[in-house]
Amino acid sequence: MKSLRKMTTLAAATLLACASSSAWADGIGASLLTQQHPFYIELADAMKAEAKAQNVPLEVAIANQDLSKQLADIEDMIVKGVDVLVVSPVDSKGVLPAIQKAQKAGIKVITVDVPAEGVEVLSYVGTDNYKGGEKAGELMAQVLNNKGEVAIINYPTVQSVVSRIDGFKKALEGHPEVKIVAEQTGITRAEALAAAQNMLQANPDIDGIFGFGDDAALAAAVAVKSAGLQDKVKVIGFDGMQEARDAVDNDPVMVGVIRQYPDQMGKKAVETAVAVMKGETVPAQQPIEPGVYTGKAQ
């Protein structure tokens, strides 16, 4: 009987040791919006580097801006039983059921870059998009000398973009002679080009265009030059990827970009996930201040 108790105790200790050593076996699952954009490539690379440094498993799935694929990817990670799920939603509202299902399965959820809407997650890591939008609005007013007509290229299903546009509009309230006369959706570069062309044709007195992201802004700059308006219309972007910064350096149409720091976001997202796995408390909001890039001198 004594021997049986000893064997039972040994078995329990072995199981406990196994559980302890495999606590991070399933690690972190990440569902990212795209890998077709330099911003997200940099974000994903930073996540992988930090996961390697922390010696924690990380699986990255790319949604390619397809909500159905993102929902399927998250379902797969729920089945695999990851410890923490990091999501950059394709659709801030549409991702809600998948996040709720993960939470019901006991998986902690963090959002990065794009917040989810209608559900409370453990932490959001991302640019202070509203502040960035305000900075874009102030820059637009400055380059237009506080007077002119402005158009916006939007992406309204992504909450981070909504915050940028809200901040941009709020800033322009302080410059009443700068008026927003047009706003259209242009998610891809091709769609943004068409949106910019349409707005320029419908509103020939446009003086400035704000693109929700650098792809939209770069497409708008092409539309401006194609219309022969390069001496009149100024374009501002948001992201700060190398191509956009190069355009600001070399193309008079591109007067500035609000610069995000995806490497900081990726590193912080994994640091936060590891802290959660250790049972530590993490901040609900972890905003990263954006910068303003207007040329090589910066």
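Good morning. I begin with one residue, Gln-286, which touches Ser-123, Tyr-124, Val-125, Gly-126, Lys-268 and Thr-272, leaving aside residues up to four places away in sequence. Please bear in mind that we are looking at a predicted model.

Is Gln-286 buried or exposed? Its relative accessibility is 12%, and because the limit for a buried residue is under 20%, Gln-286 counts as buried.

Two of the residues that Gln-286 touches deserve a further word. Its side chain makes a polar contact with the side chain of Ser-123, at 2.9 Å. The side chain of Gln-286 also makes a polar contact with that of Thr-272, at 3.0 Å.

Let me now place this residue in the fold. Gln-286 belongs to strand β11, which covers residues 285–288. To which strand is β11 joined by four bridges? The partner is β5, residues 123–127, and the two strands run parallel. Within this pairing, Tyr-124 has Gln-285 of β11 as its bridge partner. In general, the strands of a sheet pair through backbone hydrogen bonds, in either a parallel or an antiparallel sense.

We may now widen the view to the sheet. Strand β11 is part of an open sheet of six strands, ordered β2-β1-β3-β4-β5-β11, with parallel pairing. Its edge strands are β2, residues 58–62, and β11, each of which pairs on one side only. On average, neighbouring strands of this sheet are turned by 15° against each other, with direction ignored.

I turn next to another sheet. Here six strands form an open sheet in the order β7-β6-β8-β9-β10-β12, and the pairing is mixed. At its edges are β7, residues 178–185, and β12, residues 291–293, each pairing on one side only. Neighbouring strands in this sheet are turned by 20° against each other on average, again ignoring direction.

As an example of pairing within it, β6 (residues 148–154) and β8 (residues 206–211) are joined in the parallel sense over five bridges. There, Ile-153 has Gly-211 in β8 as its bridge partner.

Finally, which strands does helix α5 lie across? This helix, residues 129–143, lies across β6, β7, β8, β9, β10 and β12, and it runs at about 165° to β9, residues 234–239. Helix α9, residues 242–250, lies across β10 and β12, running at about 145° to β10.

To close, I return to the starting point: Gln-286 is buried, sits in strand β11, and makes side-chain polar contacts with Ser-123 and Thr-272. Thank you for your attention.

Conventions:
Residues are numbered from 1 along each chain as its sequence is written. This is a predicted model: local features need pLDDT of at least 70, side-chain atom pairs count only at pLDDT 80 or more; totals for chains, interfaces and linings use all residues. Side-chain values use heavy atoms; hydrogens and water are left out. Buried means under 20% relative accessible area, exposed over 50%, partly exposed in between (1.4 Å probe, protein chains only). A polar contact is a pair of N or O atoms within 3.5 Å; within protein, one must be able to donate a hydrogen and the other to accept it, and residues adjacent in sequence count only if both atoms are side-chain atoms. Contact means heavy atoms within 4.5 Å. Two strands pair if DSSP finds at least two bridges between them. Axes are lines fitted to C-alpha atoms, for helices over the stretch in contact, and angles run from 0 to 180 degrees between N-to-C directions.
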